[in-house]
Amino acid sequence: MSDRYAVFGNPIAHSKSPQIHQQFALQEHADIEYERIYAEIGAFDEAAHRFFAEGGLGANVTVPFKIDAYHFVDEHSERAKAAGAVNTIIPLGGGKFLGDNSDGVGLVQDITRIRNIPLEGKKILILGAGGAVRGVVPVLLAENPAQLVISNRTDSKAADIAAAFGVEALPLAQLPAAHFDIVINGTSGGLSQQLPDVAVGVFQNCTLAYDMVYGSGAETFLQFARQSGARQTADGLGMLVGQAAFSYQLWRGFQPDIRPVFAYMKEHV
């Protein structure tokens with residue numbers, strides 16, 4: 001019988017996670033079943049309990065249930081505590097669960113292993129101040145950047161995250177030109193074709209402009225970044241693969257190689 005895993009979401013039919021995890025299983029020579037599970041709003045706990053009661057060995061969680069998952073689990077990793085959200089659930093036995101957040105790990109693995117851009121000594125700007133940003137900041141800081149700045153449409157939200165992690169916050173209008181090596185868009189504006197209100201000059205001398213969203217939702221920001229002088233751009237597909245790989249490792253103790261899986265996903269999905 002196959003080891004059983006799943007991703008919970010609403011909607012969920014679009015999720016690429018099953019294809020990604022099957023590629024990891026091929027590397028491990030393992031037999032797994034990884035399914036998409038649609039849960040009704042307000043019914044995440046019931047759906048998750050049912051899945052694990054039926055033999056589920058691990059689960060990923062996507063929107064809008066990452067906060068629900070945070071409250072569902074009994075213990076939290078430091079990454080999950082920092083994010084205030086859980087995207088990976090690991091059974092501990094005895095009906096207890098550990099919650100982790102692999103988004104920051106996925107982002108760093110994409111930039112450093114797939115893009116081959118070291119983060120140490122770099123000046124990094126993050127646009128946005130939601131849970132996604134909160135979750136990646138501590139993992140980025142562990143790479144020893146020279147500077148990490150958070151900027152957001154609502155200044156106070158950026159200031160709150162900056163104070164929590166001991167980094168800088170700057171209003172969008174005060175961001176210096178030709179200063180940052182890496183600019184990361186952590187807003188969800190691209191999903192509605194909206195750009196952060198950031199000046200063209202911010203992208204001058206930028207090595208990488210990165211959108212944490214993948215697919216067409218990232219293109220508005222990435223096109224603007226390219227036109228504004230960014231040398232490289234990337235959407236969040238590699239981050240998706242990287243965070244999935246870390247989840248797989250937490251469940252099974254096997255660390256997949258994300259580079260061939262990223263290439264496969266770009267080619268086939």
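This passage describes an open sheet, two helices packed on it, and the surroundings of Met 212 in a predicted model. Residues are numbered from 1 along each chain as its sequence is written. Local features need pLDDT of at least 70 and side-chain atom pairs pLDDT 80 or more, totals for chains, interfaces and linings use all residues, and side-chain values use heavy atoms, without hydrogens and water.

The open sheet has six strands in the order 2-1-3-5-6-4, with mixed pairing. Strands (E, at least two residues) and helices (H or I, at least four) are DSSP runs, numbered from the N terminus. Two strands pair if DSSP finds at least two bridges between them. Strand 2 (32-38) and strand 4 (75-76) are the edge strands, each pairing on one side only. Strand 5 (residues 88-93) and strand 6 (residues 96-100) run antiparallel, joined by five bridges. Within this pair, Ile 89 stands opposite Gly 99 of strand 6.

Helix 2 (residues 44-53) lies across strand 1 (3-9), strand 2, strand 3 (58-61), strand 5 and strand 6. Helix 2 runs at about 170° to strand 1. Helix 9 (residues 237-252) also packs on the sheet, touching strands 1, 2, 3, 5 and 6. Its direction makes about 5° with that of strand 5. Axes are lines fitted to C-alpha atoms, for helices over the stretch in contact (heavy atoms within 4.5 Å). Angles run from 0 to 180 degrees between N-to-C directions.

Met 212 sits in the loop between strand 11 (208-211) and helix 8 (219-227). Its relative accessible area is 14%, so Met 212 is buried (under 20%; exposed is over 50%, partly exposed in between; 1.4 Å probe, protein chains only). Beyond its neighbours within four places in sequence, Met 212 contacts Ala 132, Val 136, Ile 184, Asn 185, Gly 186, Gly 236 and Met 239. Gly 236 is 24 residues from Met 212 in sequence, yet the C-alpha atoms are 4.4 Å apart.
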